[in-house]
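Grab a pencil and open the viewer. Try each task yourself before you read its solution.

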Amino acid sequence: MNDIRTIALIAGVLLLLTVATAVGQFLARHPDRGLDPAAVNAFNLRLRGWWIICTVLAAAFWLGTTTTVVLCGLVSFWALREFITLTPTRKGDHRALFWVFFLFTPLHYVLVAYDRYDLFSVFLPLYGTLFVLARVAMAGDYKRFLERTAKIQAGLVVCVYCLSFAAALLHVKIRGQEPGSGANFRLLFFLILLVQFADCMQYVWSRMAGRRPVAPEVSSTRTWEGLLGSATSTALLAAVLWWAAPPFEPWQAALVGFVVAVMGFAGGMTMSAIKRDRGVKDYGTLVVGHGGVLDRVDSMCFAAPVFYHLTVLVAGQ
Amino acid sequence: MLYHAEPMPVDVAPPRRAATGRSAVCRAAGLTLAALARLLSGASVRWIASQPDTCQRVYFANHTSHLDALLIWSSLPQPVRELTRPVAAKDYWSRGVLRRWLAEEVFDALLIDRTDIKVHQSPVDLMLREIGSTRSLIVFPEGSRSVTGDLGEFKSGLYYLAKKRPDIELLPVHIDNLNRILPRGEFLPVPLLSCISFGPPMWLEHGEAKANFLARARKAVQALKE
């Protein structure tokens, strides 16, 4: 039964992707349809990203829980790389950053892999924070001390801590299901699907009905209409797909979808504010040739912890 | 005055050792270190109005980190890399067995004595003799690593190099962000992202004054920063 649901979900997504890719390629070959070629291009690029995500996810699914956690750790590592590259640091931060990258990030994911919720839920926000403060202080450079430490702490929490909750979903014990079974993978897939769908819907609704930007100084394309529209559409999709996510009733799934969309929006706004402050458009353009992992996972960073806790709340034994 | 003011006849001798003469262990070590440096520095490589080529070239770059030469070397395609030798300071790189092995055997570096420059054995003549008519060089005209990350003044070696061998292509290279990955005085790297840009080749113009040429070369590196 479980496997039938998993296969149904994967087949459905594959079908959707294939159809969307066919449409995208058709539009790209026929530029005379009166559609904005830039929008078509963006659509095709996003689809390519989706294919990659699905391939990687499918591979991780076949290879098991630990592989998926490691994969998530690598994404975190890369996102943190982009985050710190973008934020100006001083030489006094160097040693602290070294340990943040090579000790705290990997150790946190080891705790996640061993399902030590009691430890990984406090390790970075508590000990990571204290370490960064103390190590930067010991480096002897006190200029704008709080500002500099806050940057590193924000990077750690957003890129590593928050994102790791997506991986931690694989260890959640769901009533009547084997831990680490297909049900957990479906839960993770459900989250990714909702986050990406919310992103797309936000774009579409803002484009079609966007009137009032939430904060025009930060982002002119993120509007109240986009937020409301994406939250509603995502809630609908979640309610329709409730059978794929084991612990939820349809109304609970809808609520989860709504919250995930709102959190994803918050994540996008946050990263936009940072990017706007640094004067860049994408994290990817900062260093030419890099795709910009942080641009892809910003909504996920904010949505994953809430999704995790809601799941635990509903599925709690 | 460190260098000869007038051009000296250059005897084009065959290189000390053929490019493929290195042992398999050294080649493997070189490849491993190059891959590691690329991974750690997340370097993206851009060729702006230029292409990788096996013709004789002098790559001149800004110098902010110990990884600079290794990273430029590793971002060249394999056939070009085999022909390219970094120029490094003898007082630093011949100290200790490991450094000496890395410099001499693995990277086939050309070690220049910064402290004891003799009139009859100028570094420029040594470089030209060592590269013969086939090999390329990586040089850092600032002379030493910049502390602030800003581009310093260029030393005159590049000018004499260009004057004695006007046929060699001079390729400006800009390395961005590497000073944050491994700054001067640190030995543990922080894996941020960096970018290496290769610019269009330039030559010494006929009758161009030394100061003008050095300023132009410096500007060429600066221009790649954007």
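Below are some exercises, each with a worked solution.

**Before you start**

You're looking at a predicted model, where local features need pLDDT of at least 70, side-chain atom pairs count only at pLDDT 80 or more, and totals for chains, interfaces and linings use all residues. Residues are numbered from 1 along each chain as its sequence is written, while chains are lettered from A and ligands numbered from 1 in the order in which they are written.

**Exercise 1. The outline of chain A**

Task: work out how many helices and strands chain A has, and in what pattern they follow along the sequence.

Solution:
- Start with the terms: helices (H or I, at least four residues) and strands (E, at least two) are DSSP runs, numbered from the N terminus.
- Count them up, and chain A comes to 11 helices and 2 strands.
- Walk along the sequence and you get α-α-α-α-α-α-α-β-β-α-α-α-α.
- The radius of gyration of chain A is 20 Å, close to the 20 Å from the globule rule for 317 residues, so chain A is as compact as a globular protein of that length. (The radius is taken over C-alpha atoms, and the rule is 2.2 Å times the number of residues to the power 0.38.)
- Along the principal axes, the C-alpha trace of chain A spans about 60 × 50 × 30 Å.

**Exercise 2. The two strands of chain A**

Task: find the sense in which β1(A) and β2(A) pair, parallel or antiparallel.

Solution:
- Two strands pair if DSSP finds at least two bridges between them.
- Strand β1 (residues 213–215) and strand β2 (residues 219–223) of chain A have 2 bridges and pair in the antiparallel sense.
- For a landmark, look at A:A215, which stands opposite A:S219 in β2(A).
- The link from β1(A) to β2(A) is a hairpin through 3 residues.

**Exercise 3. The nonpolar core**

Task: name the helix of chain A that gives the most to the largest nonpolar core.

Solution:
- A residue is buried if 20 or more other C-beta atoms lie within 10 Å of its own, exposed if 12 or fewer, and partly exposed in between, with C-beta atoms placed from the backbone.
- By that count, 40% of the 317 residues of chain A are buried.
- A nonpolar core is a set of buried Ala, Val, Leu, Ile, Met, Phe, Trp, Tyr and Cys residues joined through C-beta atoms within 7 Å.
- The largest core has 138 residues, and those touching the most other members include A:L163, A:L191 and A:V260.
- Helix α7 (residues 182–209) of chain A gives the most to this core, with 15 residues.
- Domain 2 (64–171) and domain 3 (177–317) of chain A both give residues to the core, so it lies between them. (The bounds come from an automatic or database domain assignment.)
- Zoom in on A:V260: leaving aside neighbours within four places in sequence, its contacts include A:L191, A:L194 and A:F307. (Contact means C-beta atoms, placed from the backbone, within 7 Å.)

**Exercise 4. Domain 1 against domain 3**

Task: find which helix supplies the largest share of the side of domain 1 of chain A that touches domain 3 of chain A.

Solution:
- Chain A is divided into domain 1 (1–59), domain 2 (64–171) and domain 3 (177–317).
- The contact takes 8 residues from domain 1 and 10 residues from domain 3 of chain A.
- On the domain 1 side, α1 (2–29) and α2 (37–63) of chain A each supply at least two residues.
- The largest share, 5 residues, comes from α1(A).

**Exercise 5. A loop residue that reaches chain B**

Task: place A:T89 and list what A:T89 is in contact with.

Solution:
- A:T89 lies in the loop between α3 (65–86) and α4 (94–113) of chain A.
- With 19 C-beta neighbours inside 10 Å, A:T89 counts as partly exposed.
- Leaving aside neighbours within four places in sequence, A:T89 is in contact with A:I84, A:L97, A:R148 and B:R180.
- A:R148 is 59 residues away along the chain, yet its C-alpha atom is 6.8 Å from that of A:T89.

**Exercise 6. A strand in chain B**

Task: find which strands pair with β3(B), and in which sense.

Solution:
- Strand β3 (residues 84–89) of chain B is mostly covered, with 5 of its 6 residues buried.
- β3(B) pairs with strand β5 (residues 136–139) of chain B in the parallel sense over 3 bridges, and B:T84 stands opposite B:S136.
- β3(B) also runs parallel to strand β4 (residues 110–112) of chain B, joined by 3 bridges, and here B:A89 stands opposite B:I112.

Definitions and conventions
Contact = placed C-beta atoms within 7 Å.
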